[in-house]
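Trainee: Could you take me through one part of this model in detail, namely the open space and the strands around it? I would like a connected account rather than a list.

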Amino acid sequence: MPSALRPVVLGGALLIGLGGCTGPDEETERRQQRPVRTEPVHGGHLRVGYALEPTSLDAVLGRSGGDAYYWRQIYDQLVDADRDLNPRPSTSLATSWEISEDPDAITFHLREGVVFHDGTPFDAEAVKFNVERILDPATKATPRASMTVIDSVDVVDTHVVRFNLSRPWGAGVNMLADRGGVMNSPAEVLRLGADYGWQPAGTGPFRVDRVITGTMVRLVRNEAYWGVDAEGRRLPYLDEVTIRVIRDETVLASALRTGEIDVAYLPYKDVAAFRRDDRFRIETMDGGTVAMLLAFNVGSPPLDDVNLRLAVAHAIDPVVINKAIYFDKVLVADSGMWPVGAMAHDPDVPRPRYDLDKAREYLAKAGKPDGFEFTALTWTSPVLIPTAEIIRAMLKKIGVVMNIEVFSVGVATENFFHGRLHPVYITGWSRYPEPDWIASLAFKSDGFYNAGNLPRPDVDALVEEGASLYAPEDRQRVYRELNALILREAWFVPFLYGVTYAAAPGKVRNLDRLMGWDGKMNLKEIWLDE
């Protein structure tokens with residue numbers, strides 16, 4: 001892991017004591033003796049359980065999709081979006097925007113009176129700084145490839161900023177609802193340098209109070225937060241949030257069941273038991289992730305041969321993996337990297353499906369009828385490690401030997417996409433309904449998540465065309481063609497789409513607002529009825 005990404009411990013240790021906690025039966029009885037509140041109340045400490053520690057709290061430099069569970073609480077986006085990915089000015093740092101096509105530009109009118117966590121003002125100069133930081137190749141910003149359409153940024157007025165574009169950018173407004181639209185304090189970025197990733201200053205509802213590497217991130221209310229709910233009540237409701245890193249699925253479920261934590265996304269093996277427990281509510285999102293996929297480095301032998309990639313893809317039976325590892329709680333993928341619910345999801349696109357005869361045909365085409373050997377990479381996920389073992393057994397049926405190496409998620413992701421040390425990565429993927437996020441970052445020749453980075457002008461042209469169009473039907477046409485190409489050449493082959501199961505006891509209110517458009521947690525409207 002590069003030094004800029006190496007975690008540090010800030011402040012003293014936080015003792016998360018569990019002694020003296022009220023037991024679940026006693027708690028239920030106590031709650032039943034008083035009226036249930038219907039209006040949100042301010043205050044309280046929410047304890048969240050999550051399996052991954054962040055690779056960085058700076059959204060621009062984070063390498064894992066799981067980082068969003070943390071940074072979503074710290075930042076606002078220039079353009080926010082609702083769960084259907086519709087731009088939502090009421091929760092955005094830009095209150096309005098105009099798109100012009102001659103010349104191509106987007107002009108944003110910014111919210112006034114907003115300050116960063118360090119007390120410095122959010123304004124057009126801050127937007128210019130943030131966008132130019134992303135576009136600077138030296139930053140190595142994760143979202144850079146999706147934003148190179150921006151030629152320059154002009155400060156028009158204190159709260160008016162214009163993006164000058166090299167071409168139309170139909171994907172632009174939606175793209176700014178993710179990492180690319182996050183606003184960091186310029187003063188703190190410059191002051192802290194490499195340490196900024198663990199002491200970030202956004203404009204969001206919570207600010208970072210303490211980080212204990214590999215253990216927890218403690219967030220406290222941003223008292224200067226500008227946001228309010230639909231009735232005009234100030235946000236966030238909570239005083240503080242502790243996100244505990246709990247890697248073991250059994251420990252995570254037990255901590256939720258006994259009240260040591262208040263909310264978590266359930267391990268698949270525990271969904272049925274929690275559904276039977278009337279103390280808990282469960283909210284779901286189909287296609288909340290790509291639960292399992294194979295990402296190929298198309299420039300790394302031996303899987304630089306498309307026939308060998310297709311042989312591997314056709315030898316994997318996702319139905320078996322779903323039953324054995326995911327307890328039939330996820331969806332067998334019927335398309336590409338855009339899962340159920342995404343604009344570019346297309347169940348009619350041709351894709352590799354389980355067929356051992358076809359797998360053997362592709363081996364013969366590659367001149368490897370008796371099989372070959374390679375080493376796959378995965379990370380320390382309780383579902384991906386056994387999944388890799390099952391895939392290894394499946395590939396043996398066609399004579400293919402797959403070795404397995406396992407690292408932490410940050411190291412594995414860095415090794416595969418930058419180190420290029422492995423030909424294939426068995427992993428999951430976050431939900432990105434805006435199709436250009438995946439297209440620009442994973443398919444484009446210079447994309448951060450394109451491990452091969454081989455020149456492909458035909459793919460680049462499709463990516464740029466899809467991002468430039470404004471009409472949804474025109475964009476869908478382009479992404480169908482791009483989807484088919486990526487699956488036909490087996491760059492990324494998803495096998496399972498995830499279903500996200502968020503669970504919490506009755507005292508956690510507004511659980512239906514927990515999951516945003518990307519399936520990640522957004523805690524600013526959660527409140528506790530204690």
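Mentor: Let us begin with strand E14, which gives five residues to the lining of the largest pocket, the largest share of that lining. The model is a predicted one, and the volumes and contacts that follow are computed from it. About 1100 Å³ of space lies in this largest pocket, and its lining counts 48 residues, among which Tyr50, Ala51, Leu52, Trp379 and Ser381 lie nearest the centre. By class, 28 of the lining residues are nonpolar, 15 are polar and five are charged. Besides E14, at least two lining residues each come from strand E1 (45–50), helix H6 (249–257), strand E10, helix H12 (409–419) and strand E15.

Three of these contributors, E10, E14 and E15, are also linked by strand pairing, with E10 as the shared partner. Strand E10, residues 280–296, is mostly covered, with 12 of its 17 residues buried. Towards strand E14, which spans residues 424–430, E10 pairs in the antiparallel sense over six bridges, and within that pairing Val290 has Trp429 of E14 as its bridge partner. Towards strand E15, which spans residues 492–505, E10 again runs antiparallel, here with 13 bridges, and Met292 has Leu496 of E15 as its bridge partner.

Within E15, Pro494 deserves a closer look. Its relative accessible area is 0%, and because buried means under 20%, Pro494 counts as buried. Leaving aside residues up to four places away in sequence, Pro494 touches Val290, Met292 and Leu293, and its contacts also take in Ala333, Ser335, Gly336, Met337, Arg351 and Leu487. Two of the residues in that list return us to the pairing described above: Val290 is the residue bridged to Trp429 in E14, and Met292 is the one bridged to Leu496 in E15. For Lys358, which is 136 residues from Pro494 along the chain, the separation between the two C-alpha atoms is 18 Å.

The enclosed spaces should be kept apart from this open pocket. The structure holds six cavities of 30 Å³ or more, and about 90 Å³ of space lies in the largest of them. That largest cavity is lined by Arg72, Tyr75, Asp76, Gln77, Asp80, Thr91, Pro205, Tyr225, Asn522 and Lys524, and by class its lining has three nonpolar, three polar and four charged residues.

Technical notes. Residues numbered from 1 in each chain as written. Predicted model: local features only at pLDDT ≥ 70, side-chain atom pairs only at ≥ 80, totals over all residues. Heavy atoms only, no water. 1 Å grid on protein atoms, 1.4 Å probe; cavity = no way out; pocket = protein on both sides within 12 Å on 5 of 7 lines; lining within 4 Å. Points joined across faces, edges and corners; volume = space filled by probe spheres on them. Nonpolar A, V, L, I, M, F, W, Y, C, P; charged D, E, K, R; others polar. Buried < 20%, exposed > 50% of the residue type's maximum accessible area, 1.4 Å probe, protein only. Helix = DSSP H or I, 4+ residues; strand = E, 2+ residues; numbered from the N terminus. Pairing = 2+ DSSP bridges. Contact = heavy atoms within 4.5 Å.
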